[in-house]
Amino acid sequence: MTYYAEIKNNKVIRVIVATKKVIKTFDGEWIETKKDGSIRSNYAGVGYSYDKNKDVFIAPMPPTEFKDDDDIIKVKWKLNRKNKWVIV
C-alpha cells in the first residue's frame, strides 16, 4: 500500500492509503507521498501546499509570534533548500 495526497488548488485536502490501481479510479489529482519524506521533500499533510514546478510538498508556515511568560517573541521564517521552514 502507498500513501496518496489529494490536491485541490495546490493544497493537500486529504491523505489516504491505497494501491495505484484504486487511485486510478478516483477523480481529482492524487500525488504519491512517503512517510519518510524520501520523495517530494516532505510527507504530505492536510493543509500543506503542493508546488508542481518543484514537485514538492511544503508545510504551512509556522506561527510568527510566540508567547514566553510575559514576552512576545517574533520570528521570521524562510524555506531552506530542502523545503523545510527555518528561522531567519
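Is Phe57 buried or exposed, and what is its relative accessible area? Phe57 is buried, at a relative accessible area of 0%. The model discussed here is predicted. This briefing covers the aromatic pairs and one strand hairpin.

**Aromatic pairs**

- Three aromatic pairs emerge from a search of the whole structure.
- One of these joins Phe26 and Trp30 in a tilted arrangement, with the ring centres 5.4 Å apart and 50 degrees between the planes.
- Tyr50 and Phe57 form another tilted pair, at 5.2 Å centre to centre and with an angle of 45 degrees between the planes.
- Both pairs are classed as tilted because their plane angles, 50 degrees for Phe26 and Trp30 and 45 degrees for Tyr50 and Phe57, are neither under 30 degrees nor over 60.

**Burial of the paired rings**

- Phe26 has a relative accessible area of 34% and is therefore partly exposed.
- Its partner Trp30 counts as buried, with a relative accessibility of 12%.
- Tyr50 has a relative accessibility of 8%, so this residue counts as buried.
- Phe57, the partner of Tyr50, is likewise buried, at 0%.

**The hairpin of S6 and S7**

- Strand S6 spans residues 65-68 and strand S7 spans residues 71-74; the two pair in the antiparallel sense over four bridges.
- Within this pairing, Glu65 has Lys74 of S7 as its bridge partner.
- Two residues lie between the strands of the hairpin, and Asp69 takes a positive phi near 55 degrees.
- Side chains in a regular strand alternate between the two faces of the sheet.

Conventions: Residues numbered from 1 in each chain as written. Predicted model: local features only at pLDDT ≥ 70, side-chain atom pairs only at ≥ 80, totals over all residues. Heavy atoms only, no water. Pairing = 2+ DSSP bridges. Phe/Tyr/Trp six-rings, centres within 6.5 Å; stacked < 30°, edge-to-face > 60°. Buried < 20%, exposed > 50% of the residue type's maximum accessible area, 1.4 Å probe, protein only.
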